[in-house]
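Subject: Structure for your review

Dear colleague,

Please find below the structure that I am handing over to you. My findings follow it, and I would ask you to read them with the structure open beside the text.

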Amino acid sequence: MPLTPIPLPAADLLLDPEFLPLPKAAELLTELTATIPWQHEAIRLFGRDVLQPRLTAWHGDAGATYRYSGLQLTPQPWTLALQQLRRHVEAVTGAAFNSVLLNLYRTGQDSMGWHADNEPELGPTPVIASVSLGATRSFRLRPRNPLLTPHPPLSLALTSGSLLVMRGLTQQHWLHSLPKTARVQEPRLNLTFRWVTS
Ligand SMILES: O=C(O)CCC(=O)C(=O)O
Ligand SMILES: [Fe+2]
């Protein structure tokens, strides 16, 4: 199936629910879960250090460093599986990516809060390509300023093997999140391919 636009004001979103065949997605989930050096990072929240409600990893070209909590972080090298997936994502999006952030949501209790991917090293109109593997989870979107962008929040069910592309003004005008859900016990692995400049 091709990438299909999701019509939304002040955003540029495309979705292919069947980017990867289900058996390929399941195989990748097993391989990446077992071989990626997952980190359980702390974040500072209201002046206290708390563990993020998910596991993470950062892979990319050696030059693709990014700043995070005052640290300059060097990515882990591409693995063969990540390199192949990068090339596949580049071919269907027509965009180039020098890094990938991986998030492992171990159960429905793992989550990500409201944010935009708007770090300065991504530039003003980043192309973010998001591949999902494993459990279906709801990806929520809401306008950053509902007066400026009057639209109700929406929810996209991101299924295993799906590809979501966010580009253009999406990160400027919209926030996204991955809420907790009591209904899911199985893991979900998400990869967001990015281009970072240092
Ligand atoms: O897990 C997802 O689908 C979203 C991940 C995300 O927003 C991010 O890594 O910035
Ligand atoms: Fe994000």
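Two strands are said to pair if DSSP finds at least two bridges between them. Strand 2 (residues 12-16) and strand 13 (residues 163-167) are joined by 5 bridges and run antiparallel. Within this pairing, Leu-15 has Leu-164 of strand 13 as its bridge partner. Please note that the model is a predicted one.

The sheet

Strands 2 and 13 belong to an open sheet of 7 strands, whose order is 1-2-13-10-15-8-5 and whose pairing is antiparallel. At its edges are strand 1 (4-6) and strand 5 (55-60), each of which pairs on one side only. From one strand to the next, the twist averages 20°.

The helices

Two helices lie across strands of this sheet. Helix 1 (residues 22-35) lies across strand 8, strand 10 (128-134) and strand 15, and runs at about 95° to strand 10. Helix 2 (residues 80-93) lies across strands 5, 8, 10, 13 and 15, and its angle to strand 10 is about 125°.

The ligand

Which residues are found around ligand 1? They are Leu-101, Asn-103, Met-112, Asp-117, Ser-130, Phe-139, Leu-158, His-176, Leu-178, Asn-190 and Thr-192. Strand 8 (99-105), strand 14 (174-178) and strand 15 (188-194) are the elements that give two or more residues to this shell. By type, the shell holds 5 nonpolar residues, 5 polar residues and 1 charged residue.

Yours faithfully,
A colleague

How values were computed: Residues are numbered from 1 along each chain as its sequence is written. Chains are lettered from A and ligands numbered from 1 in the order in which they are written. This is a predicted model: local features need pLDDT of at least 70, side-chain atom pairs count only at pLDDT 80 or more; totals for chains, interfaces and linings use all residues. A residue is near a molecule or strand if its C-beta atom, placed from the backbone, lies within 6 Å of it. Helices (H or I, at least four residues) and strands (E, at least two) are DSSP runs, numbered from the N terminus. Ala, Val, Leu, Ile, Met, Phe, Trp, Tyr, Cys and Pro count as nonpolar, Asp, Glu, Lys and Arg as charged, and the others, Gly among them, as polar. Axes are lines fitted to C-alpha atoms, for helices over the stretch in contact, and angles run from 0 to 180 degrees between N-to-C directions. Two residues are in contact if their C-beta atoms, placed from the backbone, lie within 7 Å.
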